[in-house]
Amino acid sequence: MIDLSRFSLEGKVAVVTGGSRGIGRGIAFGLAQAGADVVVTSRKLPDLEAVAGEIKALGRKAVPIAAHLGRIENIPTLVDQIMKEFGRIDILVNNAGASPAMGTVLECEERLWDTIMNLNLKGLYFMSQAVARIMKDQGGGSIIHISSMDGIKPEPYVGIYSISKAGVIMATKSMALELAPYNIRVNSIAPGPISTKMLDSHWFHLPEEQAKAEKEKAARMVPLKRIGEPDEIAGAAIYLASDASSFTTGETILIDGGCTIASFEFVDPSTIK
Ligand SMILES: NC(=O)c1ccc[n+]([C@@H]2O[C@H](COP(=O)([O-])OP(=O)(O)OC[C@H]3O[C@@H](n4cnc5c(N)ncnc54)[C@H](OP(=O)(O)O)[C@@H]3O)[C@@H](O)[C@H]2O)c1
């Protein structure tokens, strides 16, 4: 019989990057509900303070720390601040990600490549490295990377984003292999379309009514016939963060409403900005 207390995060310290809104906020709440104290980090302190305030109302400790994770020189200071506050890190959810600005392979410029890669892949890798060094000294921990279904099956016109997320899936496997001897598990969650500011950025350039229609059209293409919600990612994060997943490492869990098993309509490049 399974001991359901293995899902509990009581007494653990979790760090959620990109925790100010969207999927990160949903995960931060889920981890706190499961018992963890939480550090939320992103660039904008006021948004983080609001989330931390809501988490504290659940009876957990919550600390907001602002940091730009697309600049890896900020990582040591961030990790030092967390260690000063809590003295340990049991769970890292590496969720912060850059918006996949649309563009064709023929048009994309180096600046866009650097912006997306510096946050989605380089920032993620070096944040996990810094935290893994701490977890090694502590005797273990759980690292969760937020990748994307686009890292498994490419979507047209968000190529650099898809490439970065495929890199996240391989970073997950590569780190899981090397860190297993230290009892550090590394897994990833690959969301499909989830209702957040990032998803809405696909249609920002359109008038409001047209954007709404396009979002509804996108929802109809999902086999489950809807866009997911951020809290539908939180359950997998609780599982991967907790002892319930103690034999799971290097894995990527798809949460995409069935998108990757479906065929997509190919969008004409002349219809996108
Ligand atoms: N929504 C989807 O459909 C979907 C699907 C698949 C995968 N994902 C992945 O899920 C993750 C979260 O996405 P989301 O949809 O929740 O996006 P979102 O609503 O745009 O949230 C992104 C979060 O990342 C933070 N962030 C952005 N740039 C940052 C930087 N340079 N340094 C530190 N923090 C930064 C943002 O806060 P600040 O602006 O304050 O920095 C925010 O907290 C991303 O990795 C994304 O690729 C999303």
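Helices here are DSSP runs of H or I covering at least four residues, and they are numbered from the N terminus. Keep that in mind as we walk through this structure, which is a predicted model.

Let's start with the ligand and the shell of residues around it. Three helices each give at least two residues to that shell: helix 1 (22-33), helix 5 (159-179) and helix 6 (197-200). The largest share comes from helix 6, with three residues. You can also look at the shell by domain: domain 1 (4-194 + 231-255) and domain 2 (195-228) each contribute at least three residues.

What kinds of residues make up the shell? There are 12 nonpolar ones, 13 polar ones and five charged ones. Out of the 30 residues around the ligand, the ones that come nearest are Ser20, Arg43, Lys44, Tyr161 and Thr196.

Now zoom in on some individual contacts. Tyr161 has a polar side-chain atom 2.5 Å from an oxygen atom of the ligand. Arg21 also uses its side chain, placing a polar atom 3.1 Å from a ligand oxygen. With Gly18, the backbone does the job: one of its N or O atoms sits 3.1 Å from an oxygen of the ligand. And how much of the ligand does the protein bury? On its own the ligand exposes 890 Å², and the protein buries 96% of that.

Next, pick out Thr172, which you'll find in helix 5. Is Thr172 buried or exposed? Its relative accessibility is 0%, so it counts as buried, the cut-off being under 20%. Its side chain has a polar partner too: the backbone oxygen of Val168, at 2.7 Å.

For a contrast, hop over to Leu224, in the loop between helix 7 (208-220) and helix 8 (231-241). Leu224 has 59% relative accessibility, so it counts as exposed, because the bar for that is over 50%. If you go from Leu224 to Asn120, you cover 104 residues along the chain, and their C-alpha atoms are 28 Å apart.

Finally, a word on cysteines. A disulfide is a covalent bond that joins the sulfur atoms of two cysteines. How many disulfides turn up in a search of the whole structure? The count is zero. You can still compare two of the cysteines by their surroundings. Cys259 has a relative accessible area of 1%, so it is buried. Cys108 comes out at 28%, and since that lies between the 20% and 50% limits, it is called partly exposed.

Key. Residues are numbered from 1 along each chain as its sequence is written. This is a predicted model: local features need pLDDT of at least 70, side-chain atom pairs count only at pLDDT 80 or more; totals for chains, interfaces and linings use all residues. Side-chain values use heavy atoms; hydrogens and water are left out. A disulfide is a pair of cysteine sulfur atoms within 2.5 Å. Buried means under 20% relative accessible area, exposed over 50%, partly exposed in between (1.4 Å probe, protein chains only). A residue is near a molecule or strand if one of its heavy atoms lies within 4 Å of it. A polar contact is a pair of N or O atoms within 3.5 Å; within protein, one must be able to donate a hydrogen and the other to accept it, and residues adjacent in sequence count only if both atoms are side-chain atoms. Accessible areas come from the Shrake-Rupley method with a 1.4 Å probe; for residues, only the protein chains shown count as cover. Ala, Val, Leu, Ile, Met, Phe, Trp, Tyr, Cys and Pro count as nonpolar, Asp, Glu, Lys and Arg as charged, and the others, Gly among them, as polar. Domain bounds come from an automatic or database domain assignment.
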